[in-house]
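Here is a short note to read beside the model. The points run from the core outwards to the open surface.

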Amino acid sequence: YELARERLGACGLHCGKCYAYTDGDIAALSGQLANSLGNFEVYAKRFVEMVGDPVFLKYPDFRDFLGYLAEGKCEGCRKENCRLFKGCGVRSCSEGKNVDFCFQCEDFPCDHTGFDEHLYKRYVGINERMREIGVEAYYEEVKDLPRY
């Protein structure tokens, strides 16, 4: 239960699969790819002519984006406010009501989330699934799936 609680926010979204999560897959794999590419920028310029494909002109933007993903700037919703959804009200609400997950609250589903319509539907579905099969079983279902 503790690992699931650490990796899942109170809303049920998998922080560990978020692009901003410091110890997540995206940050780790982005860092590995950046390291593997090394000094590729020099070659990307040459490949435009050698290979004849202008896609290599996009490499500087790709490198910048890859570096951004590799940084991983968030410790997760259990340790700090969500960096992805600035208007999220879930963490403060769950702490105030002393629940680990929203489905454990008598007011679930509620309008305290601050989520847009798409994310709200996802949040409700996630919490209903956790209520149905349990937090640990839900985590096992999603731990290896992409978040996005």
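1. The main core. This is a predicted model. Its largest nonpolar core holds 21 residues. Leu8, Tyr123 and Met130 make the most contacts inside that core. Two helices, α6 (117–133) and α7 (135–142), each supply at least two of the core residues. The biggest share comes from α6, with five residues.

2. Tyr123. Which residues does Tyr123 touch, once neighbours within four places in sequence are left aside? They are Cys11, Cys102, Phe108, Pro109, Cys110, Thr113 and Phe115. Three cysteines are included there: Cys11, Cys102 and Cys110.

3. A separate core. Apart from the main core there is a second one, made of seven residues. Cys18, Cys74, Cys77 and Cys82 are among them.

4. Met130. Met130 sits in helix α6. Is Met130 buried or exposed? Its relative accessible area is 1%, so Met130 is buried, given that the limit for burial is under 20%. Beyond its neighbours within four places in sequence, Met130 contacts Leu8, Gly12, Phe101, Phe103, Val135 and Tyr138. One of these partners, Phe101, lies 29 residues from Met130 in sequence. In space, the C-alpha atoms of Met130 and Phe101 are 8.8 Å apart.

5. The cavity. How many cavities of 30 Å³ or more does a search of the whole structure find? The search gives one. The volume of the largest cavity is about 100 Å³. Its lining has 13 residues. Nearest the centre of this cavity are Cys93, Cys102, Cys105, Cys110 and Tyr123. Tyr123 therefore appears twice in this note: at the cavity, and among the residues with the most contacts in the largest core, which is a set of buried residues. Helix α5 (residues 90–97) gives the most to the cavity lining, with four residues. By class, the lining splits into eight nonpolar, three polar and two charged residues.

6. Cysteines without disulfides. A disulfide is a covalent bond between the sulfur atoms of two cysteines. How many does a search of the whole structure find? The count is zero. Take Cys102 as a case. The nearest cysteine sulfur to that of Cys102 belongs to Cys110, 6.2 Å away. A disulfide needs the two sulfur atoms within 2.5 Å, so Cys102 is in none. Cys102 is buried, because its relative accessibility is 11% and the limit is under 20%. Cys88, at 26% relative accessibility, counts as partly exposed.

7. Backbone points in the loop between α5 and α6. Most residues other than glycine have a negative phi, and most peptide bonds are trans. Two places in this loop deserve a look. Pro109 lies in the loop between α5 and α6. The peptide bond from Phe108 to Pro109 is cis, with omega near -10°. Asn98 is found in that loop too. Asn98 is not a glycine, yet its phi is positive, about 55°. Asn98 counts as exposed because its relative accessibility is 71%, and exposed means over 50%.

8. The largest pocket. The space in the largest pocket is about 390 Å³. Its lining has 30 residues, and Ala10, Cys77, Arg78, Cys82 and Arg91 are the closest to its centre. Cys77 and Cys82 also belong to the second core. Which helix gives the most to the pocket lining? It is α5, with five residues. The lining has 16 nonpolar, six polar and eight charged residues.

9. Two serines in helix α5. Ser94 is in helix α5, and so is Ser92. Which of them is buried, and which exposed? Ser94 has 7% relative accessibility and counts as buried. Ser92 has a relative accessible area of 52% and is exposed. Not counting residues up to four places away in sequence, Ser94 touches Ala10 and Val99. Ala10 is also one of the residues closest to the centre of the largest pocket. Ser92 and Arg147 are 55 residues apart in sequence. Their C-alpha atoms are 23 Å apart in space.

Methods:
Residues numbered from 1 in each chain as written. Predicted model: local features only at pLDDT ≥ 70, side-chain atom pairs only at ≥ 80, totals over all residues. Heavy atoms only, no water. Core = buried A, V, L, I, M, F, W, Y, C linked by side-chain atoms within 4.5 Å. Buried < 20%, exposed > 50% of the residue type's maximum accessible area, 1.4 Å probe, protein only. Contact = heavy atoms within 4.5 Å. 1 Å grid on protein atoms, 1.4 Å probe; cavity = no way out; pocket = protein on both sides within 12 Å on 5 of 7 lines; lining within 4 Å. Points joined across faces, edges and corners; volume = space filled by probe spheres on them. Nonpolar A, V, L, I, M, F, W, Y, C, P; charged D, E, K, R; others polar.
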